[in-house]
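Hi,

Here is the structure I promised to pass on to you. Have a look at it first, and then read on for what turned up.

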Amino acid sequence: ISTHSVSGVSSSSKYFQTSRRVYKGLKDFGREFIDQELFNQSLDDWILENYGVDQVTGEQPFLKPPFLTDELRKLDLALEGVLFQQLFRMPCSPLASKSVKEDGYHALEDFLHVIVNGLWRTFWRKSGPLPFSLCCFHHPGSKFYAVEKAISRGRLEELRGLALISKNGNNLKVHWNQVVELVLFRQNILSGNELKLSVSTICEALFYGVHILISRCLSKSRTISDDSVFIMVFDSKFGAVIKLGGDLSKLELNTGDPYQSVAHWIKCHAEVLLSSVETIWNRLGNANWGDLGTLQVLLAAFYSIVQCNGPPRKSISSLASAHSLRLQKRRIECRLAENENAKIPYQQDGYQHGEIVELDHSDNPLVKNTSHLKLRQGEILLLEDQQQGQKSFQIQESFIGGNYFLYGAISLDYPTQLLTLYVGAHPSRLEPSWEDMSLWYQVQRQTKVLNILKHQGVSSKYLPEVIASGRILHPGPCKKQSPSGRCDHPWCGTPILVTLPVGEPLSYIVARDGPFSSDDALRCCRDCLVALRSAATASVQHGDISPENIIRVFNMQGTRHKVLYIPVSWGRAVLEDRDSPAINLQFSSSHALQHGKLCPASDAESLVYLLFFVTGGRMNPQDSIESALQWREKSWATRSIQQHLGEVSPLLKAFSDYVDSLCGTPYPVDYDIWVKRLNRAVDGSGSADRGKMIEEVAMTLRLENVAESSGTSGGGT
């Protein structure tokens, strides 16, 4: 939540020190501030002047809305797939009978329960008890009742609305300082025939808002931020959100008229934000989920929960960013439904489905340019896998990444899963072109590396998985002499690699969304270390850690979204001493730049540079190995990398210090210790062995003579 956002929760609440005298004065003030009619008289003129568009001048209202349109749109995307189901229907009868009002309160209670439960399960905790309850109230300072209890006692006519209450352990007594947000329920909230709130509705909302802020200030625990509160107002059809915030230390307590004092505070020192009035329930009494009105209510409830329980485990932005993947899956489903019996795109109508036909190469644009095989969306590729036989894939999208061709594709056997498809270079073209040699690393050698990991039993969700690999079956007759041979067709023998999963590279994410947050950086570090640890069990080092070769994947299980960061492009992996890693002037380790080889900590050093980059660290372009080494030497010597990562997370700073002590030495990285520490930071797990782990880390950092032989820090740190 941005501290600069209009609707965001401020980073530090405006608490003011309440001495006994001030505390007593504020408490007495709250007791005297009880007459809503007197309060309305002191404020209604100001509301009339500042609310609504001036019919004569056309000026916009002074009272601004609490939410930006982009915030509501992002929340809408984040809540895709989340089920909100109101079971009690809102009665739409114009008659204000007792039974209608009972049904209305039941519907409102159910509506609010669905909202709070849905938000809590989506953003905070999937399971466990809900830390909130819903109670009704009569007036400021009154006791809270369950709706059923109020109805059974015949106090329905006295009810003013519902309050979302933060549970206080086993204490069943509820106080007004536990109110997370307040909901007023009136017979009519509109001003005449206009679609805007009546003055009396706004005054009543502000009246209760002031009482809640005073109650929070008087609370000894202060578990809820006391500088703002959201009040929702509803009738049986419409709804709106009002936000009241401000510093109560500027409220004059010693005046003889508390109502004028509060009115002056609201006019001069408070912030009042009013949303538009929108339809909440349709004529059947069903809530309009996904419409503007319910989105405003959802966002107000979200920010209210943040005030009470702190930031969520999953942010709105992270869940909204999964929309593109859901959209891609939907496109695949629709395309397959429309083309279920369609023919292969380059076939003519006279050919039967599934038949491979010979094309006139002079008219085929795919064959005219024979330097590379370039595929287009919708085309079907037939792959010959020596282990799995023939498999068909349909191209969905194309990515040109560096020197290799990369596509998003689906298997026609399992069409709902998007896959990554690499197209290599024809074996006859490997020598003349360095570009084709890079394709060889991306396809043939990466296939070899991933198969080695697979055959040695190395399996992890943080590593790419080979779905299929082999050679393309081209259209037309093939004149190859043996199964492993090739004919003169320009496609014959072209290698293909199909892997899982599909994601966005970090370089693209940073360019689009900006630097990573602390949580994202910690998760990225943890996930990459888990992948490197798994590969290290098979004596494999990645050798090319960079933002282009780490992808972000949204692992979706029902309504659960989990972000994974996965190292891909294992073609330059080092399996034995004679293998050479990739040389990247910005992200390669110092040892790789100096000697063309990896030391045991080279991947971890590259990971530190990657974390420095994705968290906003400044990395100037390098034009030579000498300048790249000078930048590394200076950065480690001045500790600029550690200082920057320390501003993001102390744990990342400690990790960079640890890596600095190992670089250029024969000492391996102790992945287990750092994965456990990062697991605690990311998921909150492993707290039972915390003391033991801290002791182990301290012992690991005290490596004798390591700093003196470091290839990065010279004299150590």
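Helix α8 spans residues 292–309, and its 18 residues reach 25 Å from the first C-alpha to the last, close to the 26 Å expected at 1.5 Å a residue. Please keep in mind that this is a predicted model. Most of α8 is covered, with 16 of its 18 residues buried. Just after α8 comes Gly-310, which takes a positive phi of about 85 degrees.

Now to the charges. The structure holds 18 salt bridges. Side chains of opposite charge can pair when their charged atoms come close.

One of these bridges joins the side chains of Lys-24 and Asp-28, at 3.0 Å from N to O. Both residues sit in helix α1 (residues 20–32), and because they are 4 residues apart there, about one helical turn separates them. Lys-24 is exposed, with a relative accessible area of 52%, whereas Asp-28 is partly exposed at 24%.

A similar spacing turns up in helix α19 (residues 650–662), where Asp-657 and Lys-653 are 4 residues apart, or about one helical turn. These two form a salt bridge as well, with their closest N and O atoms 3.5 Å apart. Is Asp-657 buried or exposed? Its relative accessible area is 18%, so Asp-657 counts as buried, the cut-off being under 20%. Its partner Lys-653 is partly exposed, at 29% relative accessibility.

Glu-158 and Arg-155 also meet through their side chains in a salt bridge, at 3.1 Å from N to O. Glu-158 is partly exposed at 41% relative accessibility, and Arg-155 is partly exposed at 26%. Elsewhere, salt bridges link Glu-504, Arg-512, Asp-513 and Arg-552 in a network.

There is a surface feature to look at too. Which residues gather in a patch of positive charge on the surface? They are Lys-143, Lys-149, Arg-153 and Lys-173. Of these, Lys-173 lies in the loop between β2 (161–166) and β3 (179–185), and Lys-173 is exposed, with a relative accessible area of 55%.

Finally, try picking out Ser-518, which has its place in helix α14 (residues 518–536). Ser-518 is partly exposed, with a relative accessible area of 27%. Ser-518 and Ser-649 are 131 residues apart along the chain, yet their C-alpha atoms are separated by 6.1 Å.

Happy to go through any of this with you.

Best wishes

Definitions and conventions: Residues are numbered from 1 along each chain as its sequence is written. This is a predicted model: local features need pLDDT of at least 70, side-chain atom pairs count only at pLDDT 80 or more; totals for chains, interfaces and linings use all residues. Side-chain values use heavy atoms; hydrogens and water are left out. Helices (H or I, at least four residues) and strands (E, at least two) are DSSP runs, numbered from the N terminus. The expected span of a helix is 1.5 Å times one less than its number of residues. Buried means under 20% relative accessible area, exposed over 50%, partly exposed in between (1.4 Å probe, protein chains only). Patches are made of residues with over 30% relative accessible area and no salt bridge: like charges are joined within 9 Å, nonpolar side chains (Val, Leu, Ile, Met, Phe, Trp, Tyr) within 5 Å. Accessible areas come from the Shrake-Rupley method with a 1.4 Å probe; for residues, only the protein chains shown count as cover. A salt bridge is a side-chain nitrogen of Lys or Arg within 4 Å of a carboxyl oxygen of Asp or Glu. Lys and Arg count as positive and Asp and Glu as negative; His and the chain ends are not counted. The place of a charge is taken as NZ of Lys, CZ of Arg, CG of Asp or CD of Glu.
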